[in-house]
Amino acid sequence: MKKNLIKKVFAVSLSIAMACSLIPAANPVTASAAAPYVSLKTTFKTLKVGQTYKMTLKNNTINWKIKKVETTDKTIATVYGKTTSSVMLKGKAEGRATIRVRLQTTKRKKNNTKTLRCRVKVVTTTPTPVDPGTTTQTDATVTTQQELTDALAKSGITKITIKPASAVNFTIPSGTYSNVDLIVDAPQSEIENSATFKSITVENIKSSTWTEKGTGNAFTWRAANGRLVVGKGATVRNVTVPTANAKVAIDVQEGTIAAISVTAKADLTITGKLAEGAPAISISFSASATDATLSTAIKAAVSTAAKIATTFLAGAEDSTIKIEVTGISVAVTNNTTKKITVTRNNNTTLDVAVGAKGQTVSSAASNTGTGTWTPGTSTGTGTGTVKPKTSNTINTGSSIKVQINSGSALGLVSSETVSSGSLTYSISEVRAVSAGAIEYRVTTDYGYYGSWKSMTRGAQVGTTDIYNYMVEKESISLEGAKWTGGTITFQFRVAGDGTYSAGDASEIKVPFTITIADGKGTVNADSDFNEFWAK
């Protein structure tokens, strides 16, 4: 009897349980929570030299697979052992690198690729934790040679100001300080420099000499007077002269200067001799350099957007002048043994004969047109209308993206420069404030000087009449580049049209390095360079 009762209770309980399983829940979940995005296990990793680390994916809910892994500097951090879900990292030498992991999934038809990044810092020892209450010194003002030596030895210093109270001469030995801005305010001092800095600004210096023996430095010469000597084998990336009424002398003693930019009314004198095989010095005068003067005994490629006076001395044979805009003129004195060719803004040319004294060459009335000019007289006939500059500009709210894709360099490593090779790049996300074509050009600190080229117009941005402009893939020569690398300058402007001339140019500077392996050079650069411009 008792056994039958137990069976009946069990049967009833089972029936109730089965019925309950068929009843909908009182509060059903209508949608699952959004899955988190796929990411790397970490986006920043510190490794010791020789240490390895396995990088994996997390939140991989739709079967993302690793397709490609890259490092921006194989000499600092390498990658190996890639699988579809992980990759091994290894610290090689002290420094920083970025690891890029490219993913793909078959679970989506669109947005099915993705690039993730992990920044890697490689150290020789385990970093010592910094006390949050401790202030790290980043600036140093020095007044003696010993103070300068001590400041250069400190890794945390990013700005050094040389400012002695009396006549103290300084010698800066060889070294690379790519994170240090050097400021010089020493009106009674002479300086001899063999090091390479992030930048050098000369506020004041003794009028006799700065002797440059370093490689790849860029100067901003604010001093009202002064003499820059570029020693044998030294290379200067750029000299900017921004001070009105300054008198700046540059003496090249078989060194190299890639470019000089004059942005104020100043007197610039260049003497000496370039290193054998060095290209002409690229000298530009901005619109704010009206009434500046140039006297050069070295071959120069001059471009100007301002009225200037030029004198070409013996040694400056084969120099050229380009007038960039309407409404200006250039006075030319030719004391060389060859003609000086002046290209006007509409691409007509005039040859200034040997012996000409202060011959004036005026810009054309428009940026296009026809005309006949008589060499040596500054006279002729032509037609055209004045074109005002376009008010269209590059969109100051956009981010212009320049990507270095690949490159190779060939030549004897024992030589100073690359004998052949090329570098490829692409550009995207360039926009105009209002409708208008955009053009660009490329220059380098080793003498490459490209012409203005049109960009490809892409998709429309929103509902406005603004479009993305791009360059899918182009290349430039690396011939003449230093084996240590250099800097590429990308300039952009709104192109001229039937009514307006071209707009003002803006630029992005992109550094690159060359890694030597198996007798060949491979170009390395951080892949993406983004820069915002403000009006």
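Let me start with Glu70 and Arg102, whose side chains meet in a salt bridge at 2.6 Å, N to O, and I should say at once that this is a predicted model. The two residues come from distant parts of the chain, since Glu70 sits in strand β4 and Arg102 in strand β7, 32 residues apart. If you look for them at the surface, Glu70 counts as partly exposed because its relative accessibility is 25%, and Arg102, with a relative accessibility of 25%, counts as partly exposed as well. This contact does not stand alone, for Lys68, Glu70 and Arg102 are linked in a network of salt bridges.

Now to the sheet that holds these strands. Four strands, in the order β2-β8-β7-β4, form an open sheet with mixed pairing. Its edges are β2, residues 44-48, and β4, residues 65-71, each of which pairs on one side only, so Glu70, in strand β4, is carried by an edge strand. From one strand to the next, the twist averages 25°. Within the sheet, strand β7, residues 95-104, runs antiparallel to strand β8, residues 113-123, and the two pair over 10 bridges. To place one of those contacts on the screen, take Gly95, whose bridge partner in β8 is Val122.

Coming back to charges, how many salt bridges does a search of the whole structure find? The search finds 13, and I would like to take you through two more of them. In one, Asp185 pairs with Lys163, with the closest N and O atoms 3.9 Å apart. Here Asp185 belongs to strand β11, residues 170-186, while Lys163 lies in the loop between β10, residues 159-162, and β11, so that the pair links distant parts of the chain, 22 residues apart. Lys163 counts as partly exposed, because its relative accessibility is 46%.

In the other, Arg227 forms a salt bridge with Asp251, and the closest N and O atoms are 3.2 Å apart. Because Arg227 lies in strand β15, residues 225-230, and Asp251 in strand β17, residues 247-257, this pair ties together parts that are 24 residues apart in sequence. Is Asp251 buried or exposed? At 12% relative accessibility it counts as buried, whereas Arg227, at 29%, counts as partly exposed.

Let me turn to the aromatic side chains, where the structure holds 4 pairs. One of them is Tyr177 with Phe197, a stacked pair with 5.4 Å centre to centre and 25° between the planes. Tyr177 is in strand β11 and Phe197 in strand β12, residues 191-205, so this pair also links distant parts of the chain, 20 residues apart. Both rings fall in the buried class, given that Tyr177 has 17% relative accessibility and Phe197 has 2%.

Trp210 and Phe219 make an edge-to-face pair instead, at 5.5 Å centre to centre and with 90° between the planes. Trp210 is buried, with a relative accessible area of 0%, and Phe219 is buried too, at 1%.

Two further arrangements of rings deserve a look before I stop. Ring pairs link Tyr425, Tyr440 and Phe490 into a cluster, and at Trp452 the partner is a charged side chain, with Arg493 lying over the face of the ring at 3.9 Å from the ring centre.

Technical notes
Residues numbered from 1 in each chain as written. Predicted model: local features only at pLDDT ≥ 70, side-chain atom pairs only at ≥ 80, totals over all residues. Heavy atoms only, no water. Pairing = 2+ DSSP bridges. Axes fitted to C-alpha atoms, helices over the stretch in contact; angles between N-to-C directions. Salt bridge = Lys/Arg side-chain N within 4 Å of Asp/Glu carboxyl O. Buried < 20%, exposed > 50% of the residue type's maximum accessible area, 1.4 Å probe, protein only. Phe/Tyr/Trp six-rings, centres within 6.5 Å; stacked < 30°, edge-to-face > 60°. Lys NZ or Arg CZ within 6 Å of the ring centre and 35° of its normal.
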